[in-house]
Amino acid sequence: MTLVEIETGLERQRGVLDLRGIVESAAAFLEDAPAREIIRWAAATFGDRLCLTSSMSDALLIDLVSRVKPGVDVLFIDTGYHFAETIGTRDAVRQVYDVNVIDIKPSRTVEEQNRELGPRLHGRNPDLCCFLRKVEPLNRALEPYLAWISGIRRDESPTRANTKVVEWDAKRQMVKVNPIARWTQDDVDNYMADNGVIINPLHYDGYPSIGCAPCTRRVAPGEDPRSGRWAGLGKTECGIHL
């Protein structure tokens with residue numbers, strides 16, 4: 001190992017330690033802050049090394065962040081399995097909001113995956129399918145950034161109940177910002193109604209939680225909103241937020 005490699009490694013290690021220190025103090029300081037204040041902190045701290053992700057279920061997070069940081073990069077994972085309505089929502093977001101939507105593609109097309117691993121991998125091994133079509137592409141796309149903003153909330157599922165508004169993403173060695181972590185469904189509904197936020201039309205057709213078409217079904221009134229995701233497969237998360 002050369003001296004340059006050693007110095008580069010030490011700088012990277014110091015950078016990670018510095019970021020983790022920022023996370024610890026920010027998580028406590030911003031716990032009770034409004035979502036927009038959390039986003040302002042993230043924009044001021046990370047500048048152009050900050051992005052957000054969106055599944056295009058709606059544009060709530062995009063609306064919030066673009067009001068604070070116009071032109072922000074929005075990463076959309078185009079899995080190849082999306083509903084047409086989801087692609088339409090992405091196209092509408094491009095037209096309406098001051099953001100830079102970046103389509104993230106898996107390493108294999110659906111056809112290549114079918115040839116190499118067999119058809120309907122999503123039904124036979126949904127964890128592997130989600131990793132190949134969602135987790136790995138996002139990990140690759142996030143590499144240039146220091147921090148990313150997600151729209152997950154504590155009330156969505158037990159696996160998200162302890163989400164902090166600012167946390168250390170150990171898997172990716174970067175900062176993760178969750179400005180609406182404390183919001184309830186009523187908060188979400190009120191914000192979207194008050195601000196005319198773009199909503200994926202599938203929400204009006206019995207799909208309160210929208211993922212890939214083969215793994216998402218309609219939800220009956222009174223059911224858990226996320227019960228339509230990977231129904232019957234014993235799976236509740238794609239792996240991005242685990």
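## Burial and overall dimensions

Of the 242 residues in the protein, 48% are buried. The structure described here is a predicted model.

The radius of gyration is 18 Å, which agrees with the value near 18 Å that a compact globule of 242 residues would have. Along the principal axes, the C-alpha trace extends over about 55 × 50 × 35 Å.

## Secondary structure and contacts

The protein contains eight helices and six strands. Read from the N terminus, the order of these elements is α-α-β-α-β-α-β-α-α-α-β-β-β-α. The order thus opens with two helices and closes with β-β-β-α.

Contacts have also been considered by their separation in sequence. Among those between residues at least 6 apart, 68% connect residues at least 24 apart.

## Accessible surface

The accessible surface of the protein amounts to about 12,200 Å². Carbon and sulfur atoms account for 52% of this area.

A nonpolar patch of about 220 Å² lies on the surface, and L117, L128 and F131 form this patch.

## Residue L117

Which helix holds L117, a member of the nonpolar patch? L117 belongs to helix α5, which covers residues 110-117, and L117 is therefore the residue at which the range of this helix ends.

The relative accessibility of L117 is 32%. Because the partly exposed class lies between the buried limit of under 20% and the exposed limit of over 50%, L117 counts as partly exposed. Patch members must have over 30% relative accessible area, and L117, at 32%, is one of the residues that make the nonpolar patch.

Key: Residues are numbered from 1 along each chain as its sequence is written. This is a predicted model: local features need pLDDT of at least 70, side-chain atom pairs count only at pLDDT 80 or more; totals for chains, interfaces and linings use all residues. Side-chain values use heavy atoms; hydrogens and water are left out. Patches are made of residues with over 30% relative accessible area and no salt bridge: like charges are joined within 9 Å, nonpolar side chains (Val, Leu, Ile, Met, Phe, Trp, Tyr) within 5 Å. Accessible areas come from the Shrake-Rupley method with a 1.4 Å probe; for residues, only the protein chains shown count as cover. A salt bridge is a side-chain nitrogen of Lys or Arg within 4 Å of a carboxyl oxygen of Asp or Glu. Helices (H or I, at least four residues) and strands (E, at least two) are DSSP runs, numbered from the N terminus. Buried means under 20% relative accessible area, exposed over 50%, partly exposed in between (1.4 Å probe, protein chains only). The radius of gyration is taken over C-alpha atoms; the globule rule is 2.2 Å times the number of residues to the power 0.38. Contact means heavy atoms within 4.5 Å.
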